[in-house]
Amino acid sequence: MYPSLFLIATVAVGMAAHMYRSQREAWREFVHAWNEKERVDGDYAPKHREIFHYHWHRFRRRMGISLLMGIVGVLLPLAWYVLQRRPSFGVFLWAIVICLLLWMIVLAGIDAGATYFYYLHVRDDLLVERTKLEVRQKRAQTLMEEESEQVNE
């Protein structure tokens with residue numbers, strides 16, 4: 001058995017475990033912050049349900065990717081070992097590994113796209129809010145200038 005295959009499998013399982021822990025911790029922090037905002041502003045959850053749904057689906061996608069990475073890490077040396085002993089079943093295991101890798105790529109692409117479009121929407125909302133604030137600021141400046149002109153006259 002090739003040592004590099006074990007190294008790749010070990011790295012994959014280690015990365016999967018790290019991703020699992022970090023995503024679980026990020027989800028806990030989000031839920032804690034969400035509950036705190038809901039406690040302070042009792043009407044927070046209904047107004048911002050899309051934020052919760054985005055984070056929930058992101059958590060599920062990323063946990064799925066972590067799980068798949070761990071399974072692939074375990075299957076790599078197993079598939080190599082089985083391929084040496086029973087080639088027909090080994091080819092079947094390698095096909096499973098390739099399908100899992102492709103599914104991981106699909107989930108990662110969906111996650112990247114969802115994140116991009118979500119934050120594009122957030123940016124647009126912030127730009128609208130910024131424009132409103134700039135208009136209010138200009139209006140306040142013109143009122144102050146008019147008042148100062150009236151006082152000077």
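This report describes the fold, an aromatic cluster, a surface patch and the salt bridges of a predicted model.

**Overall fold**

The protein holds 4 helices and 0 strands. Read from the N terminus, its elements run α-α-α-α. The radius of gyration is 26 Å, well over the 15 Å that the globule rule gives for 153 residues, so the protein is more spread out than a compact globule. The C-alpha trace spans about 100 × 30 × 25 Å along the principal axes. Of the 153 residues, 24% count as buried.

**Helix α1**

Helix α1 covers residues 3–40. What span should its 38 residues have at 1.5 Å a residue? The expected value is 56 Å. The end C-alpha atoms of α1 are 55 Å apart, which agrees.

Several residues of α1 are buried. They are Leu5, Ala9, Ala12, Ala16, Gln23, Trp27, Phe30 and Trp34. An α-helix has 3.6 residues a turn, so residues three or four places apart point the same way.

Met15 also belongs to helix α1. Its relative accessible area is 41%, so Met15 is partly exposed. Together with Leu7 and Val11, Met15 forms a nonpolar patch on the surface. The accessible area of these three residues together is about 280 Å².

**Aromatic pairs**

The model has 13 aromatic pairs. One of them joins Phe30 and Trp34, a tilted pair with 5.8 Å from centre to centre and 40° between the planes. Why are these two residues about one helical turn apart? Phe30 and Trp34 are separated by 4 residues in helix α1. Both Phe30 and Trp34 are buried.

Phe30 has a further partner in Phe52. Here the ring centres are 6.0 Å apart and the planes stand at 35°, so this pair is tilted. The angle falls between the cut-offs of 30 degrees for stacked and 60 for edge-to-face. The contact links distant parts of the chain: Phe30 sits in helix α1 and Phe52 in helix α3 (residues 49–85), 22 residues apart.

Are Phe30 and Phe52 buried or exposed? Phe30 has 15% relative accessibility, so it counts as buried. Phe52 has 27%, so it counts as partly exposed. The cut-off for buried is under 20%.

Ring pairs also build a wider group. Trp27, Phe30, Trp34, Phe52, Trp56 and Phe59 are linked into a cluster. Within this cluster, Trp27, Phe30 and Trp34 are among the buried residues of α1.

**Salt bridges**

How many salt bridges does a search of the whole structure find? The search finds 4. Three of them are listed here.

| Salt bridge | N to O distance |
|---|---|
| Asp111 and Arg62 | 2.8 Å |
| Arg123 and Asp124 | 3.3 Å |
| Glu134 and Arg130 | 3.1 Å |

Take Asp111 and Arg62, a salt bridge with its closest N and O atoms 2.8 Å apart. Asp111 lies in helix α4 (residues 87–152) and Arg62 in helix α3, so the pair ties together parts that are 49 residues apart in sequence. Asp111 is buried because its relative accessible area is 7%. Arg62 has 22% relative accessibility, so it counts as partly exposed.

Arg123 and Asp124 meet through their side chains. Arg123 is partly exposed, with a relative accessible area of 45%. Asp124 has 35% relative accessibility and counts as partly exposed too.

Glu134 and Arg130 both lie in helix α4. They are 4 residues apart, about one turn of the helix. Glu134 is partly exposed, at a relative accessible area of 37%. Arg130 counts as exposed, at 52% relative accessibility. The cut-off for exposed is over 50%.

Which residues are joined into one network by salt bridges that share partners? They are Arg61, Arg62 and Asp111.

**Links between helices**

Two contacts described above reach helix α3. The Phe30 and Phe52 pair links helix α1 to helix α3. The Asp111 and Arg62 salt bridge ties helix α4 to helix α3.

Definitions and conventions. Residues are numbered from 1 along each chain as its sequence is written. This is a predicted model: local features need pLDDT of at least 70, side-chain atom pairs count only at pLDDT 80 or more; totals for chains, interfaces and linings use all residues. Side-chain values use heavy atoms; hydrogens and water are left out. Rings of Phe, Tyr and Trp (its six-membered ring) pair if their centres lie within 6.5 Å; planes under 30 degrees apart count as stacked, over 60 as edge-to-face and the rest as tilted. Buried means under 20% relative accessible area, exposed over 50%, partly exposed in between (1.4 Å probe, protein chains only). The expected span of a helix is 1.5 Å times one less than its number of residues. Patches are made of residues with over 30% relative accessible area and no salt bridge: like charges are joined within 9 Å, nonpolar side chains (Val, Leu, Ile, Met, Phe, Trp, Tyr) within 5 Å. Accessible areas come from the Shrake-Rupley method with a 1.4 Å probe; for residues, only the protein chains shown count as cover. The radius of gyration is taken over C-alpha atoms; the globule rule is 2.2 Å times the number of residues to the power 0.38.
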